[in-house]
Amino acid sequence: MHTVNCPNCGRPNRVPDAYRGKPLCGVCHRPLPWIAEADDNTFAEVAERADLTVLVDFWAQWCGPCRMVSPALEQLAREMAGRLKLVKVDVDGSPALARRYTITAVPTLMVLYEGRVVAQRAGAAPAPQLREWVEDAMRAPS
Ligand SMILES: [Zn+2]
């Protein structure tokens, strides 16, 4: 559960990690930025069964580039509210996911749609570059 301020009216809203559909502001009903967390136990519900494109951020506490890329990812979640869900996975707390997706470096970013991996990349990048990469992945034929 995260509290986010609505980018349209500024009202704080509580947004659960797993939810059917897209979270909307309780006051103005515009889409809210969605930033969730998942681990081995909750990934299926939070990421694979989401109704919109998911950007997974595999990160670790000890990883400097992860701290650099984190604000860029949160900016994307705000800019693409209603179209994109950001899901953060701490690899040290999620060994099964790290094995399943062969995460050998952090940060690794992955675009998921209906539970399928449509793009994956390692390393940090500035927000505009990441946005282009995500938009390309969303346009890719499925
Ligand atoms: Zn609002």
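Aspartate 17 is buried but forms no salt bridge; lysine 85, the nearest side chain of opposite charge, is 7.0 Å away. The model is a predicted one. Salt bridges are counted here only within 4 Å, so the distance to lysine 85 is outside the limit. Aspartate 17 sits in the loop that runs between strand 2 (12-15) and strand 3 (34-38). Beyond its neighbours within four places in sequence, aspartate 17 is in contact with Met1, His2, Trp34, Ile35, Ala36, Glu37, Val46 and Lys85.

**Salt bridges**

The count for the model comes to 8 salt bridges. Three of them are set out below.

| Pair | Closest N to O distance |
|---|---|
| Arginine 20 and aspartate 51 | 3.2 Å |
| Glutamate 74 and lysine 88 | 3.7 Å |
| Arginine 139 and aspartate 136 | 2.6 Å |

Arginine 20 and aspartate 51 link distant parts of the chain, 31 residues apart. Arginine 20 is in the loop between strand 2 and strand 3, and aspartate 51 is in the loop between helix 1 and strand 4. Arginine 20 is exposed, with a relative accessible area of 57%, while aspartate 51 is partly exposed, with a relative accessible area of 40%.

The salt bridge of glutamate 74 and lysine 88 joins helix 2 (residues 64-79) to strand 5, so the pair ties together parts that are 14 residues apart in sequence. Glutamate 74 counts as partly exposed because its relative accessibility is 25%. Lysine 88 has a relative accessible area of 12% and is therefore buried.

Arginine 139 and aspartate 136 both belong to helix 4 (residues 127-139), where they are 3 residues apart, about one turn of the helix. Arginine 139 is exposed at a relative accessible area of 58%, and aspartate 136, at 41% relative accessibility, is partly exposed. Glu79, Arg83, Arg131 and Glu135 are joined into one network by salt bridges that share partners.

**Zinc site**

Four cysteines coordinate the zinc ion through their SG atoms, at 2.3 Å: Cys6, Cys9, Cys25 and Cys28. The angles among the 4 donor atoms are 104 to 121 degrees, and the site is tetrahedral. In sequence, the donor residues follow the spacing C-x2-C-x15-C-x2-C. Cysteine 6 is buried because its relative accessibility is 3%, whereas cysteine 9 is partly exposed because its relative accessibility is 37%.

**Nonpolar cores**

In soluble globular proteins, nonpolar side chains tend to be buried together. The largest nonpolar core in this model holds 29 residues, and Phe43, Val56, Phe58, Val87 and Val89 have the most contacts inside it. Two or more residues come from each of strand 3, helix 1 (43-48), strand 4 (53-59), strand 5 (84-90), helix 3 (95-100) and strand 6 (108-113). Valine 56, leaving aside its neighbours within four places in sequence, is in contact with Phe43, Val87, Val89, Thr108, Leu109, Met110 and Leu112. Another core, of 19 residues, lies apart from the largest one and has Leu76, Met80, Leu109 and Val111 among its members.

How values were computed:
Residues numbered from 1 in each chain as written. Predicted model: local features only at pLDDT ≥ 70, side-chain atom pairs only at ≥ 80, totals over all residues. Heavy atoms only, no water. Donors = N, O, S within 2.8 Å, 3.2 Å for Na, K, Ca; no water. Tetrahedral: all angles 85-135°; square planar, octahedral: opposite > 155°, others 65-115°. Buried < 20%, exposed > 50% of the residue type's maximum accessible area, 1.4 Å probe, protein only. Helix = DSSP H or I, 4+ residues; strand = E, 2+ residues; numbered from the N terminus. Lys, Arg positive; Asp, Glu negative; His and termini not counted. Contact = heavy atoms within 4.5 Å. Core = buried A, V, L, I, M, F, W, Y, C linked by side-chain atoms within 4.5 Å.
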